[in-house]
Amino acid sequence: RVVVGTKVDQNHVNWVTAYNMLTGIRFTVSRTNAKLDRALTDADFDAKHKFSFDITGNELTPSAKYDFKFKDYAPWVFRHLRAKFKLDPADYLMSLTSKYILSELGSPGKSGSFFYFSRDYKYIIKTIHHAEHKFLRKILKEYYSHVEQNPNTLLSQFYGLHRVKIPYGRKIHFVVMNNLFPPHRDIHQTFDLKGSTIGRDFKEEDLEKNPRATLKDLNWLRRDLHLEFGEEKKRIFFEQMEKDVHLLQKLKIMDYSMLVGIHDLQRGNQENLRDKTLQVFQPGGDTPTDDTGPSGQGPLTRTPSKLETARKARELRQMVKQEKPVPMGQSSSRMPDTLEENTTKRDFIFYSDDGGFQATHEDNSPGDEIFFLSIIDCLTHYGTVKKLEHFWKGLSHDKRLISPVRPEPYGDRFIEFIEGITKSPEEVAREAASRLTV
Ligand code: ATP
Ligand code: CA
Ligand code: CA
């Protein structure tokens, strides 16, 4: 399904959830940041703190527009992670809380996760399943030491793990991560690559309707595209990817992808895509014929009970009294033209060419594209997939199509695929020439 990002304003169905998420983040992150830095202890990895917010406020929490509960997980670990990823603490808070406006990237794909961009597009909030949440907590120590030993890791950068719950609502777990695609660059093509061909095809005819859709493995192969790196960058890229994938194999993770964004320097930014629409987005558009079965998470919103409806009406009245809605035109802030404040990102190799990793020729001279590369969706544990596979079998689907590949071969196939499509422009030309002479 193709979805255009929409502003989460006060009329949006998920406004209250979004507001609560941001209020909780602001409170808990400032609370941790206010303390003197200290070394991490083992207990920090298991830490969780629960806060109740209400309209009046109490000695611990400030007043909020709504009653809700907020849980903050391993705050010190994430504070240290944010520092390792060189985020500026003040900037992080600003991005995630200023004016409480985000854009919702999409309604549920296969996984049912929701995605929200921070107002400045630097961060993404992704709602995750309880199983993914538990799993992230379980592997947090290993993730942390991997980041420590591999500052240039290609794995998703996690900045926070939290939970919100409104009265009578269900628990919503979410992570804050980096938006791989920088706000100031048009991304001309996006691919989500797994190294599998089953179900990995975005219907080409749907591209007309949605030219910015995230394409998949078969679309990539059909276009005969390559990650165009000369020997030097190839070596750096492969080394890091292999280390990252080995960790994922060790932790028995699967179903992750290499997210690839391509900025064509010839085309540049003329299209100014983000001024016209928010990024067009296809959240987790995997079909059930994919390598893994579905994962059942209900939608964020469900039919509200009478009580909730009454409550909502009360909230709306309060909102009208207390706050003027932000006019739509004013709320769309213009994107910066350069990677200004984000310069610290340059310290990281895969983000060092204006936010990405620029193509190179065989002689290491720069090429025509900037690639944005990251291994995403890496919280699916093999055990969970197994359980879901059971469920699918019960529905008598073709087992061959949905039976999950184990984490070891999944990772090996992933590496093999990505390395296979990484070629300098000269290599590509030589191969084309030799095909002609044969
Ligand atoms: P599924 O489990 O069905 O594959 P999901 O809901 O777990 O989907 P992801 O696979 O994490 O979602 O992401 C879906 C899409 O969202 C990606 O293909 C990509 O287009 C976009 N996306 C995810 N993470 C990022 C990120 N860090 N930066 C930019 N875009 C992202
Ligand atoms: Ca995915
Ligand atoms: Ca997923």
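This briefing walks through the fold, the calcium site, the charged pairs and a few backbone details of the structure above.

You're looking at a predicted model, in which local features need pLDDT of at least 70, side-chain atom pairs count only at pLDDT 80 or more, and totals for chains, interfaces and linings use all residues. Residues are numbered from 1 along each chain as its sequence is written, chains are lettered from A and ligands numbered from 1 in the order in which they are written, and side-chain values use heavy atoms, with hydrogens and water left out.

**The overall picture**

- The protein has 14 helices and 15 strands; both are DSSP runs numbered from the N terminus, with helices being H or I of at least four residues and strands being E of at least two.
- Of the 438 residues in the protein, 53% are buried. Buried means under 20% relative accessible area, exposed means over 50%, and partly exposed is in between (1.4 Å probe, protein chains only).
- Take the contacts in the protein with a separation of 6 or more: 76% of them come from residues 24 or more positions apart. A contact here means heavy atoms within 4.5 Å.
- About 20,100 Å² of the protein is exposed, and carbon and sulfur atoms supply 55% of that. Accessible areas come from the Shrake-Rupley method with a 1.4 Å probe, and for residues only the protein chains shown count as cover.

**The calcium site**

- D377 sits in the loop between β15 (366-376) and α11 (382-394).
- Two OD atoms of D377 coordinate the calcium ion (ligand 3), at 2.4 to 2.5 Å. Donors are N, O and S atoms within 2.8 Å of the metal (3.2 Å for Na, K and Ca), and water is not among the atoms, so sites may look incomplete.
- D377 also bridges that calcium ion (ligand 3) and the calcium ion (ligand 2), and the two ions lie 4.3 Å apart.

**Salt bridges**

- Side chains of opposite charge can pair when their charged atoms come close. A salt bridge is a side-chain nitrogen of Lys or Arg within 4 Å of a carboxyl oxygen of Asp or Glu, and the count by this rule is 22.
- K122 and D91 form one of these salt bridges, at 3.0 Å from N to O. This pair links distant parts of the chain, 31 residues apart: K122 is in the loop between β6 (115-117) and β7 (123-128), while D91 is in helix α4 (residues 89-97).
- Is K122 buried or exposed? K122 counts as buried because its relative accessibility is 11%, and D91 is buried too, at 19%.
- D255 and K194 meet in another salt bridge, at 2.8 Å from N to O. They also link distant parts of the chain, 61 residues apart, with D255 in the loop between α7 (231-250) and β12 (257-264) and K194 in the loop between β10 (189-193) and β11 (214-215).
- D255 counts as buried at 7% relative accessibility, and K194 counts as buried at 2%.
- D201 and R222 pair up at 2.8 Å, N to O. D201 is in the loop between β10 and β11, and R222 is in helix α6 (residues 217-223), 21 residues away.
- This time the partners are partly exposed: D201 has 33% relative accessibility, and R222 has 46%. Salt bridges that share partners join D201, E204, R222 and R223 into one network.

**A buried lysine without a partner**

- You'll find K71 in strand β4 (residues 68-73).
- What is the nearest side chain of opposite charge to K71? That's D72, 11 Å away, and K71 is buried yet has no salt bridge. For this purpose Lys and Arg count as positive and Asp and Glu as negative, while His and the chain ends are not counted.
- Leaving aside neighbours within four places in sequence, K71 is in contact with K48, H49, K50, L161, H162 and R163.

**A hairpin and some positive phi angles**

- Strand β14 (residues 357-360) runs antiparallel to β15, and 3 bridges join them. Two strands pair if DSSP finds at least two bridges between them.
- F357 stands opposite F371 in β15.
- β14 and β15 make a hairpin with 5 residues between them, and N364 in the turn has a positive phi of about 75°.
- A74, in the loop between β4 and α3 (75-84), isn't a glycine but has a positive phi near 40°. A74 counts as buried, at 1% relative accessibility.
- Y121 also has a positive phi, near 65°. Y121 lies in the loop between β6 and β7 and counts as buried at 4% relative accessibility.
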